Amino acid sequence: MVALNVDYEPQTQEIGRRLLDATQARSSVLARMREQLRRDDRLLAWAMENPGLRVQLFRLIDCLPALHDKTDIARHLQDYLSAPGVELPGALKSLLEFPQPDSVPGQLAATTLTKAVETLARKYISGETLPQALKTLQQLRQHKQAFTLDVLGEAVISEVEAQQYLDRYLDLMAQLTDAAKQWKSVPEIDRAGDRELPRVQVSVKLSAFDSQFDPLDAEGTKTRVSDRVRLLLRRAREVGAAIHFDMEQYAYKDLTLAILKELLLEEEFRDRDDIGLTLQAYLPDSGDDLSDLIGWAKQRSTPVTVRLVKGAYWDRETITASQNHWPHPVYPTKAGTDANFERLTQLLLENHRYLYAAIGSHNARSQARAIAIAKALNVPPRAIELQVLYGMADKLAKALTTEGYRVRVYCPFGELVPGMAYLIRRLLENTANTSFLRQSVSDVSAETLLAPPDISAEPPAPETFGDRAPDTDYSQLEARTAAKRALQTVRQQLGKDYRPLIDG
């Protein structure tokens, strides 16, 4: 039942204060970045203090997997960090003072950097191997926190790799559920009311099931992806695992939703409530997507979970749109995203009979708002859980657990090289000036951190056309429809005789 005209703000502030008190302890993740003396922590602290260093350091980390030896690493270390505009702290300056990349000091500098980055990556990646990840998952369960496991390196460029991705998940679910049989029951996360929940959940990306995932071939992509997803869902049912489908770049959004909505209406899968999909609040059209999903879920008659996140590809989306002279698909400011996140949270929880909510955020206000709404609406335990990313908000996860809600930690695992792109996204998030995590360990007051998102100064959408017409965005149905009509018109004009005279 929807609570009409309820003022959620007082409860939001009260709960938010409790969460902040817990997350601002000295041992929080970002506090350790400034206070501890380990090399990886100092890297992030330096990056937060110097924007020029931040850009070059992250560029260096991004290319690190492609460097073949220590000499190559030392050469890039000097080249990247000696760029104009980069202010180096004393420790880094001394690290770069080697005569040649192949010298002993150069080799030592390369080793130091590599170890620091590897240590940093392990903060955000739950394990390089399944045995390592299993230890992490058991530790989470000891803290009464559930998990979803994501395999890093999902980008595929061949059908062989797409099949390998599927096979890896089929095997992963079998191994995880076999291990889960030995786990002690944790009622806080393994049960919701009188219902038993899957102990194992994995997260997948649809684009990894097809090397030619392309909106321009929507029907072909749908056929190829659906065949593999059916196998995945059947195996999940056999072993008792839950499946969650991640959302990726904006160009894939509509096709991803179309594939899942059609597939999950099939008789074989229509009664499954152990399946989820993701919506990104930084997209202004996510409100329409959620409304559409509510209508679809009513037709389906069995709920699925909607994981609500802010979105992880903001830089990519804005750059891609600018390059192609397209309208920007994302909110231009964090405040716009946060405000939309709260609107979507309320709409999602008001419709908990049809869709389960998974609220994914490291922002204490965002989570407090969800809890305040859930309490006012008496949302049942099965219909809501709160989520964080592994290594990003340990204290917040503990505080949310204390509030009595099911908490799930998103755990990427796999080799560090395929995981480097994921690592860069996390580093960008942690060190951004607007990051809630960064602000929460600085001098920003609790009143400011918990204030409602201020969208009064939301800037207008950026100019899209510039000095030329935009490229066609074939991820949009209207563009594909217009192209088909144009091709049909041209086909009707083929096979005729035309005089080879143009304008006389």
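Biologist: Why is Arg75 called partly exposed?

Modeller: In this predicted model, Arg75 has a relative accessibility of 36%. Buried means under 20% and exposed over 50%, so a value in between counts as partly exposed.

Biologist: And what makes Asp72 buried?

Modeller: Its relative accessible area is 16%, and the cut-off for buried is under 20%.

Biologist: How do you know that Asp72 and Arg75 form a salt bridge?

Modeller: Their side chains meet at 3.2 Å, N to O, and the limit is within 4 Å, so the pair qualifies. Asp72 and Arg75 sit three residues apart in helix 5, which puts about one helical turn between them.

Biologist: Why does the pair Glu14 and Arg18 count as a salt bridge?

Modeller: Same reasoning: the closest N and O atoms are 3.4 Å apart, and the cut-off is within 4 Å. Glu14, at 45%, is partly exposed, and Arg18, at 34%, is partly exposed too.

Biologist: What makes Asp246 and Arg307 a pair that ties parts together?

Modeller: Their side chains meet in a salt bridge at 2.6 Å, N to O. Asp246 lies in the loop between strand 5 and helix 12, and Arg307 in strand 7, so the bridge links parts 61 residues apart in sequence. Both Asp246 and Arg307 are buried.

Biologist: Why are helix 9 and helix 11 called roughly parallel?

Modeller: Their axes cross at roughly 10° and come within 9 Å. Angles under 35 degrees count as roughly parallel, so the name fits. Residues making the contact include Leu166 and Tyr169 of helix 9 and Leu231 and Leu232 of helix 11.

Conventions
Residues are numbered from 1 along each chain as its sequence is written. This is a predicted model: local features need pLDDT of at least 70, side-chain atom pairs count only at pLDDT 80 or more; totals for chains, interfaces and linings use all residues. Side-chain values use heavy atoms; hydrogens and water are left out. Axes are lines fitted to C-alpha atoms, for helices over the stretch in contact, and angles run from 0 to 180 degrees between N-to-C directions. Helices (H or I, at least four residues) and strands (E, at least two) are DSSP runs, numbered from the N terminus. Contact means heavy atoms within 4.5 Å. Buried means under 20% relative accessible area, exposed over 50%, partly exposed in between (1.4 Å probe, protein chains only).
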